[in-house]
Amino acid sequence: MGDSDDQLLARVAVDDPAATRAMVARKLPRLLSLAGRMLGDAVEAEDVAQEVFLRIWKQASRWRPGEARFDTWLHRVALNLCYDRLRRRRELAFADPPDRADDGPGPDRGLQAADTGRRVGAALQSLPDRQREAIVLCHYQELGNIEAAAVMGVSVEALESLLGRGRRALRVALADMKG
């Protein structure tokens, strides 16, 4: 289906099931990736993606093509939902601290790739929210600096500063993995 996002939205607005399926097929992988990296939890990422699609469905009839890029709006909605969940996590008080996974390498060397992925994911989760958001948008969602800055509501210079600080923090956190 070669429709633009705006054309699909117009069709979603009139309850076209094919357009809805096409929109989900087109946007779901990127939403799951974004939310998964921001939250570090696949189940929560699915919940965020579902909520984003509900908002698309509800807002489709009000969308005005040309006022904003649909992908910019989509990323902003997803990020806001992620931040809501992250905020709720911080507000929860735990009687006992949660168990922590062993950060050491697994006993089976065949699991090294999974261990590396887990370490990178944990390092990404340890970044301040805005630095993680910048890294995820530019490196994982493959947005250009101008578009990522627009999604975040910051200048390109501010985005580049966040990227630089985030990359340095990741280098420090993962320094022992060089080699």
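These questions and replies cover the salt bridges, burial and fold of one predicted model.

Residues are numbered from 1 along each chain as its sequence is written. In this predicted model, local features need pLDDT of at least 70, side-chain atom pairs count only at pLDDT 80 or more, totals for chains, interfaces and linings use all residues, and side-chain values use heavy atoms, with hydrogens and water left out.

Me: What makes Asp-71 and Lys-27 a salt bridge?
Reply: A salt bridge needs a side-chain nitrogen of Lys or Arg within 4 Å of a carboxyl oxygen of Asp or Glu. The Asp-71 and Lys-27 side chains meet at 2.6 Å, N to O, so the pair qualifies. The pair links distant parts of the chain: Asp-71 lies in helix H4 (residues 70–91) and Lys-27 in helix H2 (residues 17–39), 44 residues apart.

Me: Why is Asp-71 called buried?
Reply: Buried means under 20% relative accessible area, exposed over 50%, and partly exposed in between (1.4 Å probe, protein chains only). Asp-71 has 17%, so Asp-71 is buried. Lys-27 is buried too.

Me: Why does Arg-69 count as partly exposed?
Reply: Its relative accessibility is 46%. That value falls between the two cut-offs, so partly exposed is the term. Arg-69 also forms a salt bridge with Asp-71, the closest N and O atoms being 4.0 Å apart.

Me: Which residues join these in a network of salt bridges?
Reply: The network links Asp-5, Arg-26, Lys-27, Arg-69, Asp-71 and Glu-147. A search of the whole structure finds 14 salt bridges.

Me: How do you know that Asp-176 and Arg-119 meet in a salt bridge?
Reply: Their side chains come to 2.8 Å, N to O. That is within the limit, so the term applies. This pair also links distant parts of the chain: Asp-176 sits in the segment after helix H8 (156–173), Arg-119 in helix H5 (residues 112–126), 57 residues apart.

Me: Buried or exposed: what are Asp-176 and Arg-119?
Reply: Asp-176 has a relative accessible area of 58%, over the upper cut-off, so Asp-176 is exposed. Arg-119 has 16%, under the lower cut-off, so Arg-119 counts as buried. Of the 179 residues of the chain, 35% count as buried.

Me: How many helices and strands does the chain have?
Reply: The chain has 8 helices and 0 strands. Helices (H or I, at least four residues) and strands (E, at least two) are DSSP runs, numbered from the N terminus. The elements run α-α-α-α-α-α-α-α.
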